[in-house]
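Me: Got a model open here and I'd like to talk it through. Can you start with how the chain is divided up?

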Amino acid sequence: MYNIYDFELKKLENLLQEIFSEKPFKAKQIFQWVYKREVFDFDQMTDLSKAFREKLKENFCIKKPTIYKKQVSKDGTIKLLVELEDKNLIETVLIRYTYGNVACVSSEIGCDMKCGFCASGLLKKSRELKVSEILGQVLLLNDILKEEGNNEKITHIVVMGTGEPFLNYDNVMDFIRICNSPFALEIGARHISVSTCGIVDKIRKYADEGLQTNLAISLHAPNDEIRSKIMPINRTYNISELMDAVKYYLKKTNRRVTFEYILIKDLNDSLDCAKQLTDLIKGICAYINLIPYNEVMENKFKTSPQQNVRKFYDYLYKQNINVTVRKGFGDDIDAACGQLRAKEVKSDT
Ligand code: SF4
């Protein structure tokens with residue numbers, strides 16, 4: 001049985017053509033019923049012929065994952081533990097900014113990248129997520145927003161939850177196409193960001209997609225010595241190779257790149273690191289997002305003291321670098337990425 005949510009429009013058109021010899025516009029009709037009118041019963045899709053509806057019922061379902069647990073923070077941040085059909089659990093987060101509602105979605109179950117500061121990486125990867133499972137996270141958050149009755153929806157997406165999105169490349173790209181499609185969620189490409197720890201060949205591939213979506217790089221260190229300590233991927237693709245791929249992306253897309261930089265006490269938060277970081281991104285159309293580290297019990301890293309964050313920020317700012325310090329959200333719930341799932345899976349075992 002195929003799940004409609006697993007298909008971006010072009011792929012659904014091809015499949016309908018292939019298995020039923022149906023015209024491509026039928027896929028658009030189905031998309032509009034499902035995503036625009038939120039009709040999930042093929043029998044109610046009245047502009048499709050009865051015979052076609054019967055064939056759809058025999059071969060397709062329209063199935064979302066379910067909510068296993070929901071945590072709501074005082075600041076309105078919502079963290080969901082989502083249960084998949086095979087009973088695996090994944091995390092997704094809704095963050096409310098003044099400019100819109102941001103869904104931070106997971107792309108894999110667990111992660112093998114082993115970034116030292118990350119709670120998500122504490123659980124080994126068991127598999128990649130299907131398109132419907134990535135999309136399902138946004139749909140569930142939209143359901144919650146709908147229940148709140150304020151006529152709001154998810155307006156921005158960051159593929160920044162558990163998993164390395166570029167190791168589930170094709171499914172993440174199809175997910176983006178559905179989110180961006182005028183026949184589906186219609187979320188502007190510029191409101192969608194993918195964050196990678198630095199899978200260099202996929203950064204180049206992403207650059208070639210011709211999308212107007214954003215790229216964020218989890219950098220977290222200004223040199224190979226520190227980066228290799230906290231991000232094993234740096235031993236495969238070092239900073240110089242990473243920056244070459246970023247420059248290729250900039251040349252192809254003309255878009256700005258975001259560098260994520262988690263500030264960890266006594267590791268990467270010195271003024272010297274700020275200077276090295278400035279030299280590294282000099283001349284690159286970039287934006288630096290400084291993130292005070294969110295301590296998790298499972299590892300040894302400590303949050304950078306506020307005065308270090310301030311000095312680091314001031315130094316970059318004075319060098320005319322576009323820089324912000326990310327505000328913490330959901331600090332009263334299991335805020336660090338992967339924390340909620342890590343707790344749940346551990347308590348189950
Ligand atoms: S930071 Fe991202 S890539 Fe690194 S271990 Fe965590 S989830 Fe995986």
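Reply: Sure. Keep in mind that this is a predicted model. The domain assignment of the protein gives domain 1 as 2-61 and domain 2 as 66-348.

Me: How far apart are the C-alpha centres of domain 1 and domain 2?

Reply: Those centres are 33 Å apart. As for the contact, domain 1 puts in 10 residues and domain 2 puts in 12 residues.

Me: Which helices supply the side of domain 1 that touches domain 2?

Reply: α1 (9-20) and α2 (25-36) each give at least two residues to that side. The largest share, four residues, is from α2.

Me: And how do the residues on that side of domain 1 divide by type?

Reply: Four are nonpolar, two polar and four charged.

Me: OK, switching to the strands. What order do they take in the open sheet?

Reply: There are 10 strands, running β3-β4-β5-β6-β9-β10-β11-β12-β13-β14, and the pairing is mixed. β3 (66-72) and β14 (322-325) are the edge strands, each pairing on one side only.

Me: How much are neighbouring strands turned against each other?

Reply: By 20° on average, direction ignored.

Me: Take β10 and β11: parallel or antiparallel?

Reply: Parallel, over four bridges, between residues 192-196 of β10 and 214-218 of β11. Within that pair, Thr196 is opposite Ile217 of β11.

Me: Last one: which strands does α4 lie across?

Reply: Helix α4 (residues 131-148) lies across β3, β4 (78-83), β5 (89-97), β6 (100-104) and β9 (156-159). Relative to β4, helix α4 runs at about 130°.

Notes: Residues numbered from 1 in each chain as written. Predicted model: local features only at pLDDT ≥ 70, side-chain atom pairs only at ≥ 80, totals over all residues. Pairing = 2+ DSSP bridges. Axes fitted to C-alpha atoms, helices over the stretch in contact; angles between N-to-C directions. Contact = placed C-beta atoms within 7 Å. Domains from an automatic or database assignment. Nonpolar A, V, L, I, M, F, W, Y, C, P; charged D, E, K, R; others polar.
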